[in-house]
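Welcome, and please open your viewer so that we can walk through this model together. At each stop you will get something to select and a short account of what is there.

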Amino acid sequence: MDSGTVTLRPFRVSDVDDFILWAGDDQVTRNIRWKTITSKEEALTFIKEVCIPHPWRRSICIDDRSIGFVSVYRWSGNEICKADIAYGIAAKYWGQGITTKAVKMAVSEVFKDFPDLVRLQAFAAVENKASQRVLEKAGFTKEGLLRKYTFLKGQLKDLVIYSFLSTDITVAVDDKLL
C-alpha cells in the first residue's frame with residue numbers, strides 16, 4: 001500500500017484536477033454507471049452537481065488528494081432498511097489494499113450515520129473479480145448470482161450480490177476487519 005494516509009471526506013470543488021485523472025479513465029469507469037469524464041469543465045460540473053450534493057458520497061484520498069470515491073445510496077419507503085454501496089479508485093492504486101481499506105472505513109461510517117440501516121449491499125459484475133475480492137476482504141457476504149440483472153455500458157450483465165448487515169459490525173470489529 002502507498003505510504004500515504006487513506007481517508008474519506010466529502011468532495012470539494014478543488015478536487016477537480018485529481019478527479020479528472022481517475023474519472024477520466026475508461027479502466028476506472030467501465031464497471032460503474034458514470035460515463036467517463038472528458039474535460040475539466042465536465043469534471044467540475046459533475047463534482048458540483050452530483051458529488052457535493054449527494055447524501056453520502058465520499059472522496060477516497062491519499063494525503064488529502066482525491067484518488068477515487070465511495071457512494072452509498074439509501075433506499076426509501078418500505079425499503080429504508082437497506083442501502084447500496086459503490087466505489088471506484090484510480091487504476092494506479094489497484095491491488096494495493098486501498099479500496100478495501102476505504103470500503104471498511106465507509107461501512108463503519110455508514111452504520112454510524114444511519115443507525116436504522118440494517119443492510120448494506122453491493123453488486124459486482126461477474127467478470128470483475130477484483131471488486132468481488134474487495135468486498136470479501138471488507139467482510140461482505142456473497143449471497144448469489146443475479147443473472148442478466150442490469151445493463152451496464154449497453155451490455156446486459158450478470159452481477160454477484162454481496163451484503164453487510166448491521167449485526168456483522170460486532171463480528172467485523174472482533175476480527176479487526178474495521
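The tour goes from pockets to aromatic rings, then to a helix and a few single residues.

**Before you start**

This is a predicted model, in which local features need pLDDT of at least 70 and side-chain atom pairs count only at pLDDT 80 or more, while totals for chains, interfaces and linings use all residues. Residues are numbered from 1 along each chain as its sequence is written, and side-chain values use heavy atoms, with hydrogens and water left out.

**Stop 1: the largest pocket**

Rolling a probe the size of a water molecule over the atoms shows where empty space is left. Here the search runs on a 1 Å grid over the protein atoms alone, and a pocket is an open set of points with protein on both sides within 12 Å along at least five of seven lines. A residue belongs to the lining if it has an atom within 4 Å of a point. Grid points are joined across faces, edges and corners, and the volume is the space filled by probe spheres (1.4 Å) set on the points.

Select N31, I32, Y87, N128 and S131: of the 36 residues that line the largest pocket, these lie nearest its centre. The volume of this pocket is about 980 Å³.

Next, colour the elements that give two or more residues to this lining: α2 (26-29), β3 (65-74), β4 (82-89), α4 (98-113), β5 (119-125), α5 (129-137) and β6 (141-152). These names come from DSSP runs, numbered from the N terminus: helices are H or I with at least four residues, and strands are E with at least two. Which element gives the most to the lining of the largest pocket? Strand β4 does, with six residues.

Colouring by residue type shows 20 nonpolar, 11 polar and five charged residues in the lining of the largest pocket. Ala, Val, Leu, Ile, Met, Phe, Trp, Tyr, Cys and Pro count as nonpolar, Asp, Glu, Lys and Arg as charged, and the others, Gly among them, as polar.

**Stop 2: the second largest pocket**

Now select D18, L21, W22, D25, I62, R65, S66, I67, A90, A91, K92 and Y93, which line the second largest pocket. Two elements, α1 (16-23) and β3, give two or more residues to this lining. The space inside is about 190 Å³, and the lining divides into seven nonpolar, one polar and four charged residues.

**Stop 3: aromatic rings**

A pair of aromatic rings is described by the distance of the centres and the angle of the planes. Rings of Phe, Tyr and Trp (its six-membered ring) pair if their centres lie within 6.5 Å; planes under 30 degrees apart are stacked, over 60 edge-to-face, and the rest tilted. The count comes to 12 aromatic pairs. Show F11 and F19: their ring centres are 5.9 Å apart and their planes stand at 85°, so this pair is edge-to-face.

Are these two rings buried or exposed? F11 is buried at 5% relative accessibility, and F19 is buried at 0%. Buried means under 20% relative accessible area, exposed over 50%, and partly exposed in between (1.4 Å probe, protein chains only).

Add W22, W34, F46 and F69, and you have the cluster that ring pairs link together with F11 and F19.

Two other rings have a charge sitting over them (NZ of Lys or CZ of Arg within 6 Å of the ring centre and within 35 degrees of the ring normal). The charged end of R58 is 4.2 Å from the ring centre of W56, and that of K82 is 4.0 Å from the ring centre of W75.

**Stop 4: helix α4**

Measure between the end C-alpha atoms of α4: they are 22 Å apart, which agrees with the 22 Å that its 16 residues should span. The expected span is 1.5 Å times one less than the number of residues. Buried residues in α4 include I98, T99, A102, V103, A106 and V110.

**Stop 5: single residues**

Most residues other than glycine have a negative phi. D64, in the loop between β2 (57-62) and β3, has a positive phi of about 70° and is partly exposed at 38%. K153, in the loop between β6 and β7 (155-165), has a positive phi of about 55° and is partly exposed at 42%.

Finish with V70 in strand β3, buried at 0%. Its C-alpha atom is 8.2 Å from that of L8, 62 residues away along the chain.
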